[in-house]
Amino acid sequence: MGCPQREFLCKVLVVGDYGVGKTSIIQRYVHNIYSQCYRATIGVDFALKIVNWNADTVVRLQLWDIAGQERFGHMTRLYYREAVGALVVCDLGRAATLDSVQRWKEDLDSKVSLQNGKPIPAILLGNKCDQSLPDSSAKNLEGMCQELGFSDFHLTSAKDNVNIDEAISCLIKEMIANEEDSEPAKDPNVIQPSLSPLRIRYERCCS
């Protein structure tokens, strides 16, 4: 007897100032590689990661690497369309990038939302935790997380592969929960269309 399998396609924004490590985080997560020679992202770049979330759920993550130079520009509204989650990245060793976190979060909240009108879930990443940092780094990020309405925060390192999988798994869990909560009650024997063009959810039989 076949088993139903769910598939989600989730557009995830990765935003933050220039040089905070957005591309490095994505490359570490998607390909498990790290390089110090990435060129600056111009405009927007894309990466796709297929995650076997559990025995009956597959998540296809479409990661949008938004260039730091785009900060709060008019083009970000176009880039943000149909996103259902976000990672906001700062460099723990550069205070100016922490100061920008609030502006990036406000920019997200003003330009994209869930179908119920609530902000999309966003995880705050304090990157480059492999470097020598003040003991207050985690406490500062925790305070920003609570004050600005982030779903969670993580100290990460693309270089040493620290907490990247954990942070994105946290985001996936919330995106799936939001998708399930947004679906109306239905006959389990009837296939329903997705609620969003970029959130494909369907059921099929496994062989």
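Q: Which word fits N161 at 34% relative accessibility: buried, exposed or partly exposed?
A: This is a predicted model, in which local features need pLDDT (the predictor's confidence in each residue, from 0 to 100) of at least 70, side-chain atom pairs count only at pLDDT 80 or more, and totals for chains, interfaces and linings use all residues. Residues are numbered from 1 along each chain as its sequence is written, and side-chain values use heavy atoms, leaving out hydrogens and water. Buried means under 20% relative accessible area and exposed over 50%, with partly exposed in between (1.4 Å probe, protein chains only). At 34%, N161 therefore counts as partly exposed.

Q: What is the phi of N161 near?
A: N161 sits in the loop between strand 6 and helix 6, where helices (H or I, at least four residues) and strands (E, at least two) are DSSP runs numbered from the N terminus. N161 is a residue other than glycine, yet its phi is positive, near 55°.

Q: What is the positive phi of K128, which is not a glycine?
A: K128 belongs to the loop between strand 5 and helix 5 (137–148). Its relative accessible area of 22% makes K128 partly exposed. Although K128 is not a glycine, its phi is positive, at about 70°.

Q: Buried or exposed: how does S157 count at 0% relative accessibility?
A: S157 is placed in the loop between strand 6 (152–155) and helix 6. Setting aside neighbours within four places in sequence, S157 is in contact (heavy atoms within 4.5 Å) with N127, K128, C129, D130, V162 and I164. With a relative accessibility of 0%, S157 counts as buried.

Q: Which residue's backbone nitrogen does the side chain of S157 reach at 3.4 Å?
A: A polar contact is a pair of N or O atoms within 3.5 Å; within protein, one must be able to donate a hydrogen and the other to accept it, and residues adjacent in sequence count only if both atoms are side-chain atoms. For the side chain of S157, the backbone nitrogen reached at 3.4 Å is that of K159.

Q: How far apart in space are G21 and S157, C-alpha to C-alpha?
A: G21 is in the loop between strand 1 and helix 1, and it is buried, with a relative accessible area of 13%. Along the sequence, G21 and S157 are 136 residues apart. In space, their C-alpha to C-alpha distance is 8.8 Å.

Q: What separates the C-alpha atoms of G19 and T97?
A: G19 lies in the loop between strand 1 and helix 1, and at 33% relative accessible area it is partly exposed. Beyond neighbours within four places in sequence, G19 is in contact with D91, R94 and K128. T97 is 78 residues from G19 along the chain, and their C-alpha atoms are separated by 9.2 Å.

Q: With which residue's side chain does H154 make a polar contact of 3.4 Å?
A: H154 is part of strand 6 and is buried, with a relative accessible area of 14%. Among its contacts beyond four places in sequence are I123, L125, L141, E166 and C170. The 3.4 Å polar contact joins the side chain of H154 to that of D152.

Q: Which element gives the most to the largest nonpolar core?
A: A nonpolar core is a set of buried Ala, Val, Leu, Ile, Met, Phe, Trp, Tyr and Cys residues joined through side-chain atoms within 4.5 Å. The largest one has 27 residues, and Y29, V59, L61, L63, L87, I172 and M175 have the most contacts inside it. Several elements each supply at least two of its residues, including strand 1 (4–15), helix 1 (22–31) and strand 4 (85–91). With 7 residues, the most is given by helix 6.

Q: How many residues does the other core, the one with W64 and Y79, have?
A: This core lies apart from the largest one. V101 and M144 are also among its residues. Its size is 25 residues.

Q: Within what arc do the buried residues of helix 4 fall?
A: Helix 4 (residues 101–111) has V101, W104, K105, D107, L108 and K111 as its buried residues. The arc is that of the directions from the helix axis to the C-beta atoms. Seen down that axis, these residues line one face of the helix, because they fall within an arc of 160°.

Q: What is the mean pLDDT of the chain?
A: In the chain, 79% of residues reach 70 or more. Over residues 185–207, by contrast, the pLDDT is below 50. The mean for the chain is 83.
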